[in-house]
Amino acid sequence: MSALRKRYANGVEALRGIDLDVEEGDFFALLGPNGAGKSTLIGIVSSLVNASEGQVEVFGVDIAQQRQQAMRLIGLVPQEINFNLFEKPWDILVNYAGFFGVPRAEAARRAEQELERAQLSEKAHSISRTLSGGMKRRLMIARALMTQPRLLILDEPTAGVDIEIRRGMWKQLRQINAAGTTVILTTHYLEEAENLCRNIAIIDHGRIVQHSSMRALLATLDVEGFVFDIDGQLPPTLPDIPGARLTALDDHTLDLEMPRSMDLNSVFATLGAHNITVRSLRNRANRLEELFVRLTGRDAA
């Protein structure tokens, strides 16, 4: 069953015909440069923007024909903080649920549950403006989950928070998806999409230019990137590895870009011959960025 089915729906002016399915239970990335049409597309799906033509269904419910029923299936986390900063988190959640007809006793139970999941229980009765940026972001996710949506749409949910907080939010989002909620994510942090999402669509100039699984898309990349942690200090001059690009990130870390066909053992042999001992290595997490630039000709930010 498709969580989201969109056929040739055009926005006010940004979209030029979109044909897109998101399957139930998926963690789906919707990426594109600024002005590509992501916000218009999200606006149409969440019924904030009227489509000039076409059809949008959420779990088989037509948004235009059955808007109220469709909206009960969707939780939206916008990019901008949009709750009353002088309200308390508990009140924000309970009042939001009340707008959708959730009885107050049930809303109170859900609020406790969502505040605990968002690690905000200790802040439940604090004024929201005193929360950190990461806490405010988690509160917005908790608010969207108060209606127990089957589809959660996240528009830049980690914008402006540091990497430690971001990774904590990744864990929260994985748990939400694992519990059965379909997630659509837009983000300018491409490593975020690569780490979280199973399928991806890239939109540019109002059109879908790529729609595939994340694994299949990354497999089209003919180069691989690795980061090496080095024992001791690097020499002033790095060895030349034909066909590859080796650069120093700092005195103890190397970045390697090499063709997929190259044998990594030959790289280790070359480094060893120059008295460079690799302590550990990891995949570079920006493979998606190179593909994104290839497809759109623009950076994500």
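**Pockets, cavity, cores and strand pairing in the predicted model**

Strand β4, which spans residues 53–58, contributes three residues to the lining of the second largest pocket, the most of any element. The structure described here is a predicted model. The space in this second largest pocket amounts to about 200 Å³. Its lining consists of Ile44, Ser47, Val49, Asn50, Ala51, Gly54, Gln55, Val56, Asp62, Ile63, Ala64 and Arg67. By class, six of these lining residues are nonpolar, four are polar and two are charged.

The largest pocket holds about 230 Å³ of space. Ser46, Leu48, Arg67, Met71, Ile74, Gly75, Leu76, Pro78, Asn82, Tyr96, Phe100 and Arg143 line the largest pocket. Two elements, α2 (67–71) and β6 (74–77), give two or more residues to this lining. The largest contribution is that of β6, with three residues. The lining of the largest pocket comprises seven nonpolar, three polar and two charged residues. Arg67 appears in the lining of the largest pocket and also in that of the second largest pocket.

Enclosed space was examined next. One cavity of 30 Å³ or more is present in the structure. The volume of the largest cavity is about 80 Å³. Its lining is made up of 11 residues, and those nearest the centre are Leu4, Leu20, Leu30, Leu41 and Ile184. At least two lining residues come from each of β1 (2–10), β2 (19–23), β3 (27–31) and α1 (38–45). Helix α1 has the largest share of the cavity lining, with three residues. The cavity lining includes 10 nonpolar residues and one charged residue, with no polar residues.

The nonpolar interior was then considered. The largest nonpolar core has 47 residues, and the members that touch the most others are Leu31, Leu139, Ile141, Leu154, Ile200 and Leu288. Helix α3 (residues 89–99) is the greatest contributor to this core, supplying six residues. Another core, of 27 residues, lies apart from the largest one and includes Leu4, Val58, Val61 and Ala201. Leu4 of this second core is also among the residues nearest the centre of the largest cavity.

Contacts were listed for Ile200, one of the residues that touch the most other members of the largest core. With neighbours within four places in sequence left aside, Ile200 is in contact with Phe28, Ala29, Leu31, Gln210, His211, Ser212, Ser213, Met214, Leu217 and Leu288. Of these partners, Leu31 and Leu288 are themselves named with Ile200 among the core members that touch the most others.

Strand pairing was described around β13, which covers residues 253–259. Six of the seven residues in β13 are buried, and the strand is mostly covered. Strand β13 pairs with two strands, one of them being β11 (residues 223–231), in the antiparallel sense over seven bridges. Within the pairing of β11 and β13, Glu224 stands opposite Met258. Strand β12 (residues 245–250) also pairs with β13 in the antiparallel sense, here over five bridges. Ala248 has Leu254 of β13 as its bridge partner. A hairpin is formed by β12 and β13, with two residues between the strands. In general, side chains in a regular strand alternate between the two faces of the sheet.

Methods. Residues numbered from 1 in each chain as written. Predicted model: local features only at pLDDT ≥ 70, side-chain atom pairs only at ≥ 80, totals over all residues. Heavy atoms only, no water. Buried < 20%, exposed > 50% of the residue type's maximum accessible area, 1.4 Å probe, protein only. Helix = DSSP H or I, 4+ residues; strand = E, 2+ residues; numbered from the N terminus. Pairing = 2+ DSSP bridges. Core = buried A, V, L, I, M, F, W, Y, C linked by side-chain atoms within 4.5 Å. Contact = heavy atoms within 4.5 Å. 1 Å grid on protein atoms, 1.4 Å probe; cavity = no way out; pocket = protein on both sides within 12 Å on 5 of 7 lines; lining within 4 Å. Points joined across faces, edges and corners; volume = space filled by probe spheres on them. Nonpolar A, V, L, I, M, F, W, Y, C, P; charged D, E, K, R; others polar.
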